[in-house]
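I opened this structure to keep a short notebook on how its strands are arranged and where its aromatic rings meet. The entries follow the order in which I looked things up.

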Amino acid sequence: MKHYHINIFYSEEDEGYIADIPDLKYCSAFGSTEEEALREVLQAKVAWFDAAKVEGKPIPELRY
């Protein structure tokens, strides 16, 4: 599995951390700590790839 860039930032509105993978559309996660957000987005990445495989959708190339 490729190593995609991950953004992690604090959201005042959500009162927690958001992690997202810009190369994978809609792949993001929430956590109360940076570490939790990272763990969650890594799980979301696996689910994203599984869904793409089932749907026969292409895997994006790394951009970052």
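Entry 1, the hairpin. In this predicted model I first looked at β1 and β2, which form a hairpin with four residues between them. Within that turn I noted E15, whose phi is positive at about 55°. I then followed the pairing itself and found that β1 and strand β2 (residues 16-20) run in the antiparallel sense, joined over five bridges. As one example from this ladder, I looked up N7 and found that its bridge partner in β2 is D20.

Entry 2, the rest of the sheet. Going on from β2, I saw that β2 and β3 also pair in the antiparallel sense, here over four bridges, and that I18 has F30 in β3 as its bridge partner. Put together, this gives an open sheet of three strands in the order β1-β2-β3, with antiparallel pairing. Its edge strands are β1 and β3 (28-31), each of which pairs on one side only. When I looked up the twist, neighbouring strands of this sheet turned out to be rotated by 25° against each other on average, with direction ignored.

Entry 3, the helix on the sheet. Which strands does α1 touch? I found that α1 packs on the sheet and touches β1, β2 and β3, while its direction makes about 150° with that of β3.

Entry 4, aromatic pairs. I next searched for rings whose centres lie within 6.5 Å, and the count came to three aromatic pairs. For Y4 and F49 the ring centres are 5.9 Å apart and the planes stand at 40°, so I entered this pair as tilted, since edge-to-face would need an angle over 60 degrees and stacked one under 30. Because Y4 lies in the segment before β1 (7-11) and F49 in helix α1 (residues 34-55), this pair ties together parts that are 45 residues apart in sequence. Are these two residues buried or exposed? Both Y4 and F49 are buried.

Entry 5, a pair of tyrosines. Y10 and Y17 form an edge-to-face aromatic pair, with 5.1 Å from centre to centre and 70° between the planes. I checked their accessibility as well: Y10 has a relative accessibility of 39% and therefore counts as partly exposed, and Y17, at 22%, also counts as partly exposed.

Entry 6, the cluster. Lastly I traced how ring pairs connect, and I found that they link Y4, W48 and F49 into a cluster.

How values were computed. Residues numbered from 1 in each chain as written. Predicted model: local features only at pLDDT ≥ 70, side-chain atom pairs only at ≥ 80, totals over all residues. Heavy atoms only, no water. Buried < 20%, exposed > 50% of the residue type's maximum accessible area, 1.4 Å probe, protein only. Pairing = 2+ DSSP bridges. Axes fitted to C-alpha atoms, helices over the stretch in contact; angles between N-to-C directions. Contact = heavy atoms within 4.5 Å.
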